[in-house]
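Please read this report alongside the sequence and the 3D structure shown below.

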Amino acid sequence: MSNSGPNPDKLRELGAELDEIRRKEAAKQANKPAPTSLGIAFRFSTEMVAALIVGGGLGWGLDRLLGTRPIFLLVFFVLGAAAGIRNVMRAAQEINAEMSAKDKGN
């Protein structure tokens with residue numbers, strides 16, 4: 001008859017390894033430098049430009065495929081702009097949360 005339950009010694013070893021990995025990750029996060037103004041601006045502009053290009057490209061492709069004039073280009077460009085603004089707002093909230101967490105840690 002074999003013991004089908006987990007081996008307690010192996011579970012302790014696994015727990016110790018996980019604790020060590022968590023400590024290393026926490027140390028990496030603590031040593032991570034704060035984002036610079038230029039880095040933040042680059043991220044925001046990249047988010048916005050990427051959304052506009054994707055939206056405009058989809059609209060242009062649909063217009064070309066369906067033989068319509070710039071109707072889809074305009075609609076999808078506006079949708080891309082809205083998505084870009086949403087992405088920038090999300091990135092700003094993320095950066096703000098990181099900076100406030102770092103301030104609380106110091």
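The text covers salt bridges, a buried acid, an aromatic pair and a nonpolar patch.

This is a predicted model, in which local features need pLDDT of at least 70 and side-chain atom pairs count only at pLDDT 80 or more, while totals for chains, interfaces and linings use all residues. Residues are numbered from 1 along each chain as its sequence is written, and side-chain values use heavy atoms, with hydrogens and water left out.

**Salt bridges**

A search of the whole structure gives five salt bridges. The term stands for a side-chain nitrogen of Lys or Arg within 4 Å of a carboxyl oxygen of Asp or Glu. Three of these pairs, among them one in a network, are listed here with their closest N and O atoms.

| Basic residue | Acidic residue | Closest N and O atoms |
|---|---|---|
| Arg-12 | Asp-9 | 2.8 Å |
| Arg-22 | Asp-19 | 3.8 Å |
| Arg-43 | Glu-94 | 3.4 Å |

Arg-12 and Asp-9 are three residues apart in helix α1, so about one helical turn separates them. Asp-19 and Arg-22 also lie in helix α1, three residues apart, about one turn of the helix. Helices here are DSSP runs (H or I, at least four residues), numbered from the N terminus.

Accessibility is given as relative accessible area: buried means under 20%, exposed over 50% and partly exposed in between, with a 1.4 Å probe and protein chains only. Arg-12 is exposed at 55%, whereas Asp-9 is partly exposed at 46%. In the other pair, Arg-22 is exposed at 56% and Asp-19 is partly exposed at 37%.

The bridge between Glu-94 and Arg-43 has its closest N and O atoms 3.4 Å apart. Glu-94 belongs to helix α3 and Arg-43 to helix α2, so this pair ties together parts that are 51 residues apart in sequence. Glu-94 is partly exposed at 37%, and Arg-43 is partly exposed at 27%. Glu-47 joins Arg-43 and Glu-94 in a network of salt bridges.

**A buried acid without a partner**

Which side chain of opposite charge is nearest to Asp-63? It is Arg-69, 9.0 Å away, and Asp-63 is buried yet has no salt bridge. For charge, Lys and Arg count as positive and Asp and Glu as negative, with His and the chain ends not counted. Asp-63 is part of helix α2 (residues 37-66). Leaving aside residues up to four places away in sequence, Asp-63 touches Thr-68, Arg-69, Pro-70, Ile-71, Phe-72 and Leu-73; contact means heavy atoms within 4.5 Å.

**The aromatic pair**

Phe-72, one of the residues that Asp-63 touches, also has an aromatic partner. The search of the whole structure finds one aromatic pair. Phe-72 and Phe-76 form this tilted pair, 6.5 Å centre to centre with 45 degrees between the planes. Rings of Phe, Tyr and Trp (its six-membered ring) pair if their centres lie within 6.5 Å; planes under 30 degrees apart count as stacked, over 60 as edge-to-face and the rest as tilted. Both residues lie in helix α3 (residues 71-105), four residues apart, about one turn of the helix. Phe-72 is partly exposed at 27%, and Phe-76 is partly exposed at 23%.

**A nonpolar surface patch**

Leu-11, Leu-14, Leu-18 and Ile-21 make up a nonpolar patch on the surface, with about 360 Å² of accessible area together. Patches consist of residues with over 30% relative accessible area and no salt bridge; like charges are joined within 9 Å and nonpolar side chains (Val, Leu, Ile, Met, Phe, Trp, Tyr) within 5 Å. Accessible areas come from the Shrake-Rupley method with a 1.4 Å probe, and for residues only the protein chains shown count as cover. Leu-11 lies in helix α1 (residues 8-31) and is partly exposed at 47%.

Definitions and conventions: Helices (H or I, at least four residues) and strands (E, at least two) are DSSP runs, numbered from the N terminus.
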